[in-house]
Amino acid sequence: MKNSFYYFENRDCQYYPCHKEMAEMNCLFCYCPLYFLSDCPGKRVQIERDGKVILSCMDCDYPHRPENYGEMMKLLQKAIRER
């Protein structure tokens with residue numbers, strides 16, 4: 001897929017590929033903006049770290065899938081309106 005306004009792949013990143021099983025990876029949402037949503041559509045789990053329970057998105061590839069760009073934009077727009 002070509003780089004465009006909805007897709008960017010950074011093969012020079014020291015962490016690339018952060019999800020090794022993916023053939024194409026959208027790096028546009030490297031740090032997921034959906035992290036704060038209670039109804040995030042991705043695969044996140046709660047883990048304990050240093051005595052605190054935190055959300056881990058290590059196994060989530062939802063924001064990196066090129067086909068999810070439109071849904072990501074809808075979810076972010078909804079979250080902004082509800083703020």
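## Fold and core of a predicted β-β-α protein

Residues 24 or more positions apart account for 41% of the protein's contacts with a separation of 6 or more; contact means heavy atoms within 4.5 Å. This is a predicted model, in which local features need pLDDT of at least 70, side-chain atom pairs count only at pLDDT 80 or more, and totals for chains, interfaces and linings use all residues. Residues are numbered from 1 along each chain as its sequence is written, and side-chain values use heavy atoms, with hydrogens and water left out.

The protein has one helix and two strands. Their order along the sequence is β-β-α. Helices (H or I, at least four residues) and strands (E, at least two) are DSSP runs, numbered from the N terminus.

Global values are collected here.

| Property | Value |
|---|---|
| C-alpha trace of the protein, span along principal axes | about 40 × 35 × 15 Å |
| Buried residues, share of the 83 residues | 31% |
| Exposed area of the protein | about 6,400 Å² |
| Carbon and sulfur share of that area | 52% |
| Distance between mean positions of the 12 positive and 12 negative charges | 4 Å |

Buried means under 20% relative accessible area, exposed over 50%, and partly exposed in between (1.4 Å probe, protein chains only). Accessible areas come from the Shrake-Rupley method with a 1.4 Å probe; for residues, only the protein chains shown count as cover. Lys and Arg count as positive, Asp and Glu as negative; His and the chain ends are not counted. Each charge is placed at NZ of Lys, CZ of Arg, CG of Asp or CD of Glu.

Now the strands. β1 and β2 pair in the antiparallel sense over five bridges. Pairing requires at least two DSSP bridges between two strands. Val45 stands opposite Ser56 in β2. The two strands form a hairpin with two residues between them. Asp50 lies in the loop between β1 and β2 (52-56). Its phi is positive, about 55 degrees, although Asp50 is not a glycine. Asp50 counts as exposed because its relative accessibility is 74%.

A second backbone feature falls in the segment before β1 (45-49), where Pro17 is placed. A cis peptide bond joins Tyr16 and Pro17, with omega about -10 degrees.

The largest nonpolar core has eleven residues, among them Phe29, Leu34, Cys40, Tyr62, Met72 and Ala79. Such a core is a set of buried Ala, Val, Leu, Ile, Met, Phe, Trp, Tyr and Cys residues joined through side-chain atoms within 4.5 Å. Leaving aside neighbours within four places in sequence, Leu34 is in contact with Cys40, Pro41, Arg44, Tyr62, Met72, Leu75 and Leu76.
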